[in-house]
Amino acid sequence: MTIALDGLPPLRVVLESHGLDPRRALGQNFLLDLNLTGRIARQALPLEGQVVVEVGPGPGGLTRALLSHGAAHVIAIEKDARCLPALHAIADHYPGRLTVVEGDALRIDPSTLTEGPFKIVANLPYNVGTQLLLDWITVPDWPPRWTDLTLMFQKEVAQRIVAGADDDHYGRLGVLCGWRTEAQILFEVSREAFTPPPKVTSAIVQLRPRPDPLLVELGRLERVTAAAFGQRRKMLRQSLKPVGGEALLARAEIEPQRRAETLSVAEFVRLANALDSNALD
Ligand code: SAM
């Protein structure tokens, strides 16, 4: 049998030998090209001495790239039990460096899996990717123990993650990500790179905690962004009426005729901090 550079079977052979026909319900769009998984892993360098949490390893293409690029320990959370034998074969090939956790990543706080700092690298299942990102960036203890996130999303979601004021893609997701992180799109990945190809282009996004944290309670920030972007084409004096309207805008020193999409993340934080507590009920 042919073997890949890392001494393990090619991923197509892994899929066939373990009967891993991709399932849409699990967001299974696999990357079978080890050059591409290597390129993704390199975005998270340095990996030597680092612990990496990977969500959704599937047949293990990205897992193999993380290990062959030197990650000290990969902890991979996979929901689909069919993938476990393939992942255990990788664990045998890299003794003591891969821990496979069978479970639903939505129910697992990655910081419970390891003691020190860690990275998160994943080709996320699209149906739960945004929720996982929100879980990781809204943890109460900040800065978080993760040092950086290197994640695959649909391109349109990636654009919303990195968007700032005056960008068409700017909305609640951009404000939440901008509040806590610095985020950038590193490169796009075409549909054909996946098996099976998804409907749209994808992109790799990297997020790191902001060096200058903006202090505000999450509930407050969510309240103002929901009101402001709920009616994004309206002036703020109109859209923010349910949470304090003109009086709130005056306290935050923001002109009432502005629209949500023109406000910087720092201005949203000012608005959120100026909210009257009875607007939070
Ligand atoms: N990393 C592999 C690759 O790049 O080829 C697979 C990526 S595929 C887009 C998403 C993977 O996440 C699948 O293996 C799927 O079974 C797994 N998955 C889906 N939902 C999950 C969940 N809630 N928790 C953990 N893994 C999940």
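## A walk from Leu31 to the α7/α8 pair

Select Leu31 to begin: it has 22 C-beta neighbours inside 10 Å and therefore counts as buried. What you have open is a predicted model, so keep that in mind as you click around.

**Stop 1: around Leu31.** Turn on the secondary structure and you'll find Leu31 in strand β1. Now show what Leu31 touches, skipping residues up to four places away in sequence: Leu36, Thr37, Gly61, Leu62, Asn123, Ala193 and Phe194. For a sense of scale, pick the C-alpha atoms of Leu31 and Gly171: the two residues sit 140 residues apart along the chain, and the C-alpha distance is 30 Å.

**Stop 2: the ligand.** Next, select the ligand and its shell. Which of the 23 residues around the ligand come nearest? Those are Gly56, Gly58, Ala105, Asn123 and Pro125. As for elements, β1 (30-31), α3 (61-68) and β3 (73-78) each give two or more residues to this shell. Colour the shell by residue type and you get twelve nonpolar, seven polar and four charged residues. Asn123 may look familiar: besides being listed among the nearest to the ligand, Asn123 is one of the residues that Leu31 touches.

**Stop 3: Asp6.** Jump back along the chain to Asp6, in the segment before α1 (11-17). Is Asp6 buried, exposed or partly exposed? Count 15 C-beta neighbours inside 10 Å, and Asp6 therefore goes down as partly exposed, since the buried label needs 20 or more and the exposed label 12 or fewer. Leave out the neighbours within four places in sequence, and Asp6 is in contact with Arg64 and Ser68. If you want another distance to click, try Asp6 to Glu102: 96 residues apart in sequence, with 24 Å from C-alpha to C-alpha.

**Stop 4: α7 against α8.** Finish by selecting residues 172-180 for helix α7 and residues 218-230 for helix α8. How are the two packed? Their axes are 10 Å apart, at an angle of about 150 degrees. Anything over 145 degrees counts as roughly antiparallel, and α7 and α8 therefore get that description. Look at the handedness too: α7 passes α8 in a right-handed crossing.

Now bring up the side chains at the contact. From α7 you want Arg172, Val175 and Trp179, and from α8 they meet Leu221, Thr225, Ala226 and Phe229. By type, the residues of this contact divide into five nonpolar, one polar and one charged.

Conventions. Residues are numbered from 1 along each chain as its sequence is written. This is a predicted model: local features need pLDDT of at least 70, side-chain atom pairs count only at pLDDT 80 or more; totals for chains, interfaces and linings use all residues. Axes are lines fitted to C-alpha atoms, for helices over the stretch in contact, and angles run from 0 to 180 degrees between N-to-C directions. Helices (H or I, at least four residues) and strands (E, at least two) are DSSP runs, numbered from the N terminus. Angles under 35 degrees count as roughly parallel, over 145 as roughly antiparallel, 65 to 115 as roughly perpendicular and the rest as oblique. A crossing is left-handed if the near helix is turned anticlockwise from the far one by less than a right angle, and right-handed if clockwise. Two residues are in contact if their C-beta atoms, placed from the backbone, lie within 7 Å. Ala, Val, Leu, Ile, Met, Phe, Trp, Tyr, Cys and Pro count as nonpolar, Asp, Glu, Lys and Arg as charged, and the others, Gly among them, as polar. A residue is near a molecule or strand if its C-beta atom, placed from the backbone, lies within 6 Å of it.
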